[in-house]
Amino acid sequence: MRRAVVTMLSLRAARAFLRPAVRAPLRRSVQVWSATESPQQQKPKKKKQQQKKQQKVQKGAATQASDSICSASEDFSQWYSDVIRQADMVDSSPVKGCMVIKPWGMAVWDGLKDSLDKKIKKSGAQNAYFPLLIPRSFLSKEAEHVDGFAKECAVVTHHRLKGDENGLIPDPDAELDEPLIIRPTSETIIWHMFQKWISSHRDL
């Protein structure tokens, strides 16, 4: 009996811990007045709540004025962003287009990655790691990559900075012979290396 009580308490604690992460505040708001307060007395409280919510939006605590989660069928990308923010898995970063993954979000990612990694390795596959930067010519070789990613790529043109009266600037003497691109995918660099590693069917 004691063990059963402890189990029930553990389940309640787990639910209380997970409730903020899975909440979906899509309920209709209903005004409720107590017997001692009139609707006029409730207005200042409602105004304060709206002000607090607006402050959160201005600080970047929410992506929209509403904390609701949009439908995945309408906008899957926005739905995903809403879910991970409402679950407190990520936060905004000073780098445009990048997010900071919080410990809770990283734990979920590690669990998914480890599970998939074990399943993939059972098939005989092995891990490898390729550079984050690739020459610009690699991306230009495949038209489908250029069409899909050319407008979204970050380009590195210098390998050194220098200081002047205005602060740090790219060193004109450190310009790269060929600009480097932070690769959006890995195909181009992988196939380039496979040409060196694979010379016959025996290497497969």
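**Exercise 1. Check whether the length of helix α4 agrees with its number of residues.**

Solution. Helix α4 covers residues 103–122, which is 20 residues; helices here are DSSP runs of H or I with at least four residues, strands are runs of E with at least two, and both are numbered from the N terminus. The expected span is 1.5 Å times one less than the number of residues, so α4 should span 28 Å, and because its end C-alpha atoms are 28 Å apart, the two values agree. After the helix comes G124, whose phi is positive, near 100 degrees.

The model is predicted, so local features need pLDDT of at least 70 and side-chain atom pairs count only at pLDDT 80 or more, while totals for chains, interfaces and linings use all residues. Residues are numbered from 1 along each chain as its sequence is written, and side-chain values use heavy atoms, with hydrogens and water left out.

**Exercise 2. Find the salt bridges within α4 and state how exposed their partners are.**

Solution. A salt bridge requires a side-chain nitrogen of Lys or Arg within 4 Å of a carboxyl oxygen of Asp or Glu. D110 and K113 meet this condition at 3.6 Å, N to O, and, being 3 residues apart in α4, they are separated by about one helical turn. D117 and K121 form another, with their closest N and O atoms 3.1 Å apart, and these residues lie 4 apart in the helix, again about one turn.

For exposure, buried means under 20% relative accessible area, exposed over 50%, and partly exposed in between (1.4 Å probe, protein chains only). D110, at 28%, is therefore partly exposed, as is K113 at 38%; D117, at 22%, is partly exposed, and so is K121 at 43%.

**Exercise 3. Describe how β5 and β6 are joined, and locate the salt bridge between R160 and D171.**

Solution. Strand β5 (residues 161–164) pairs with strand β6 (residues 167–170) in the antiparallel sense over 4 bridges, where pairing requires that DSSP finds at least two bridges between the strands. A hairpin through 2 residues joins β5 to β6, and K162 has I169 in β6 as its bridge partner.

The closest N and O atoms of R160 and D171 are 3.1 Å apart in their salt bridge. This pair links distant parts of the chain, 11 residues apart, with R160 in the loop between β4 (155–158) and β5, and D171 in the loop between β6 and β7 (175–182). R160 is partly exposed, with a relative accessible area of 40%, whereas D171 is buried, at 9%.
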